[in-house]
Amino acid sequence: MRADARRNYARLVTEARTVFAAHGADASLEDIARRAGVGIGTLYRHFPNRQTLLSAVFEDAVGDLLARSRELLDASEPCTALVTWLREMVRHAGEYRGLSRALMTMSTDTTSTLASRCGDPIREAGGALLTRAQQSTAVRQDITITDLLQLTHAIALAAEESPTDPTLADRLLTLTLKGLKPT
């Protein structure tokens, strides 16, 4: 890709993240193009349909979560690191109205390309944080990363359905986390 095309692509993804977070997954593609300073034709050259743009935004957000998991992997308190990452998972999942359902599906659907590109690395990153927390005996051994991802996505979805209660996601996650401790 030429340098200007790379810049346009990056601006489109950045603006799409902002617009989708503010207006949901059905936000205007024309608005995204305008905010990125390009024409709608440029948007469609990079992203032939809404799904490809959503996928790019999703992958960009997943990249942030993966980077954060790497930062937390060496934390002195493995359980705190896991909890911090799970809170960020809920926040990211809730950031894009309409994408929580896609996240929920992605955590179990390993057949799609997007699921493989995003889900596998997320499961691996979260699994590493979970393993450290389990090795420190702060987290039960029978918990799996799939369990935790399903719970975080369900919490984000529940919060999305209750937009008038801004503290719901954190309350539900706190309640869930109490079940992680060994008995």
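S69 makes contact with W85, A125 and L129 once neighbours up to four places away in sequence are set aside. The model here is a predicted one, and in it S69 sits in helix α4, which spans residues 50-72. Its relative accessible area is just 5%, and since anything under 20% counts as buried, S69 is therefore a buried residue.

Stepping back to the whole chain, the protein has 9 helices and 0 strands. Read from the N terminus, the order of elements is simply α-α-α-α-α-α-α-α-α. Of the 183 residues, 43% are buried. As for contacts with a separation of 6 or more, 67% of them link residues that lie 24 or more positions apart. The accessible surface adds up to about 9,400 Å², and carbon and sulfur atoms hold 54% of that.

Now for the C-terminal pair of helices, α8 and α9. Two packed helices are described by the angle between their axes and the distance between the axes. Helix α8 covers residues 145-161 and helix α9 covers residues 168-177; their axes come within 9 Å and cross at roughly 150°. Angles over 145 degrees count as roughly antiparallel, so that is the label for how α8 and α9 run relative to each other. The crossing itself is right-handed.

What do the two helices bring to this contact? On the α8 side the residues are L151, T152, I155, A158 and A159, and they meet L168, A169, L172, L173 and T176 of α9. By type, the residues of this contact split into 8 nonpolar and 2 polar, with no charged ones.

One of the α9 residues in that contact, L168, can be followed a little further. L168 belongs to helix α9 and has a relative accessibility of 13%, which means that it counts as buried. Leaving out residues up to four places away in sequence, L168 touches A158, A159 and S162. Both A158 and A159 are among the α8 residues listed for the contact between the helices. L168 and A156 are 12 residues apart along the chain, and their C-alpha atoms are separated by 9.1 Å.

Taken side by side, S69 in α4 and L168 in α9 give two local views of this helical model. S69 is buried at 5%, and L168 is buried at 13%. The partners of S69 are W85, A125 and L129, while those of L168 are A158, A159 and S162.

How values were computed
Residues are numbered from 1 along each chain as its sequence is written. This is a predicted model: local features need pLDDT of at least 70, side-chain atom pairs count only at pLDDT 80 or more; totals for chains, interfaces and linings use all residues. Side-chain values use heavy atoms; hydrogens and water are left out. Helices (H or I, at least four residues) and strands (E, at least two) are DSSP runs, numbered from the N terminus. Buried means under 20% relative accessible area, exposed over 50%, partly exposed in between (1.4 Å probe, protein chains only). Contact means heavy atoms within 4.5 Å. Accessible areas come from the Shrake-Rupley method with a 1.4 Å probe; for residues, only the protein chains shown count as cover. Axes are lines fitted to C-alpha atoms, for helices over the stretch in contact, and angles run from 0 to 180 degrees between N-to-C directions. Angles under 35 degrees count as roughly parallel, over 145 as roughly antiparallel, 65 to 115 as roughly perpendicular and the rest as oblique. A crossing is left-handed if the near helix is turned anticlockwise from the far one by less than a right angle, and right-handed if clockwise. Ala, Val, Leu, Ile, Met, Phe, Trp, Tyr, Cys and Pro count as nonpolar, Asp, Glu, Lys and Arg as charged, and the others, Gly among them, as polar.
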